[in-house]
Amino acid sequence: MTMQPIINSNLPEFKVPAYTKSKGFHEVSNEDLKGRWSVLFFYPGDFTFVCPTELADLADNYAEFQQIGVDIYSVSTDSHFVHKAWQDASEAVKKVQYTMLADMRFELARAFGVMIEEAGQAYRGTFLIDPDGKVRVAEIHDNGIGRDAQELLRKVRAAQFIYEHPGEVCPAKWRQGDATLKPSIDLVGKI
């Protein structure tokens, strides 16, 4: 099996139903993501166990994502109707203000390599898309491993920094305001 690299690949074309508390039911396409930083946050399914903890964590940090110009899109293979019912029923998911995408035809899960065909669900996949429509961060977890919105924020800030500062890179554990590196022959063997 040969795995294809997803980093720096282009966002695929798509159009899926969605639910957002402020807008109700609507459609979202790849065109809606153009010119913006976007996170596609795949999870296995509504009315499950780890998923509401992750969506609530993202909801708790959503204002920070918005402050740095990042749109959040949670994605599962459930319908937009089920997304609304889950928001209505779950105290944790009631906090969600970002858009919930309904990938009922599995087009996004397959395009991003997170589809579990035999289950009709997605692995926990997190993908950061830059304003040019390029994938800058790709992370896929086994479904038993929950994610951390603060760690995602750190990675988004690092991606935004290198996007705005070509020729610089962010070292391990980099946080906004920390020193960066400018790769050169002078650094070889000195770090």
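User: In what pattern do the helices and strands follow one another along the chain?

Analyst: One reads the elements in sequence order, and in this predicted model the chain runs β-β-α-β-α-β-α-β-α-β-β-β-β-α. The secondary structure comes to five helices and nine strands.

User: How compact is the chain as a whole, judged by its radius of gyration?

Analyst: The radius of gyration is set beside the value that the globule rule gives for a chain of that length. Here it is 17 Å, close to the 16 Å given for 191 residues, so the chain is as compact as a globular protein of that length. Along the principal axes, the C-alpha atoms fill a box of roughly 55 × 40 × 30 Å.

User: What share of the residues counts as buried, and what share of the contacts joins residues 24 or more positions apart?

Analyst: Of the 191 residues, 48% count as buried. Among contacts with a separation of 6 or more, 64% are between residues 24 or more positions apart.

User: What can be said about the accessible surface and about the placing of the charges?

Analyst: The accessible surface of the chain comes to about 10,000 Å², and carbon and sulfur atoms account for 53% of that area. For the charges, one compares the mean position of the positive ones with that of the negative ones. The chain has 21 positive and 27 negative charges, and their mean positions are 3 Å apart.

User: How should one read the two sides of a helix? Which residues of α3 are buried?

Analyst: One asks where the buried residues point around the helix axis. In α3, which spans residues 80-89, the buried residues are His80, His83, Trp86 and Gln87. They cover an arc of only 115° around the axis, which means that they are on the same side of α3. The face turned away from this buried side carries the exposed residues Phe81 and Ala89.

User: Against which elements do the buried residues of α3 pack?

Analyst: Their packing partners are β1 (15-20), β2 (24-29), α2, β4 (70-76) and β5 (99-102).

User: Helix α2 is one of those partners. Is Glu54 of that helix buried or exposed, and which residues does Glu54 touch?

Analyst: Glu54 belongs to helix α2, residues 50-67. Its relative accessibility is 2%; because buried means under 20%, Glu54 counts as buried. Beyond residues up to four places away in sequence, Glu54 touches Phe41, Tyr43, Arg124, Ile145, Gly146 and Arg147. A distance between C-alpha atoms is another way to place a residue: Glu54 and Glu139, 85 residues apart along the chain, are separated by 14 Å.

User: Arg124 appears among the contacts of Glu54. Where does Arg124 lie, and how far is its C-alpha atom from that of Phe42?

Analyst: Arg124 is in strand β8, residues 124-129, and is buried with a relative accessible area of 2%. The C-alpha atoms of Arg124 and Phe42 are 5.2 Å apart, although 82 residues separate the two along the chain. Arg124 is also 5.1 Å from His141, C-alpha to C-alpha, with their positions 17 residues apart in sequence.

User: What surrounds His141?

Analyst: His141 lies in strand β9, residues 135-141. At 18% relative accessibility, His141 counts as buried. Apart from neighbours within four places in sequence, its contacts are Tyr123, Arg124, Gly146 and Arg147.

User: Is Ser38 buried or exposed, and what does Ser38 touch?

Analyst: Ser38, in strand β3 (residues 37-42), has 0% relative accessibility and counts as buried. Leaving out residues up to four places away, Ser38 touches Leu33, Val70, Asp71, Tyr73, Phe127, Leu128 and Ile129.

User: Where does Ile6 lie, and which residues are in contact with Ile6?

Analyst: Ile6 is in the segment before β1 and is partly exposed, with a relative accessible area of 21%. Its contacts, neighbours within four places aside, are Phe112, Phe127, Val135 and Ala138. Ile6 and Lys134 are 128 residues apart in sequence, and their C-alpha atoms are 9.1 Å apart.

User: Finally, which backbone angles deserve a look, and what is phi at Asn8 and Phe106?

Analyst: One looks for positive phi values in residues other than glycine. Asn8 has a phi near 70°; Asn8 lies in the segment before β1 and is partly exposed at 40% relative accessibility. Phe106 has a positive phi of about 65° and is placed in the loop between β5 and α4 (107-111).

Note on methods:
Residues numbered from 1 in each chain as written. Predicted model: local features only at pLDDT ≥ 70, side-chain atom pairs only at ≥ 80, totals over all residues. Heavy atoms only, no water. Helix = DSSP H or I, 4+ residues; strand = E, 2+ residues; numbered from the N terminus. Buried < 20%, exposed > 50% of the residue type's maximum accessible area, 1.4 Å probe, protein only. Contact = heavy atoms within 4.5 Å. Rg over C-alpha atoms; globule rule 2.2 N^0.38 Å. Areas by Shrake-Rupley, 256 points an atom, 1.4 Å probe, with all protein chains shown as cover. Lys, Arg positive; Asp, Glu negative; His and termini not counted. Charge placed at Lys NZ, Arg CZ, Asp CG, Glu CD. Arc of directions from axis to C-beta.
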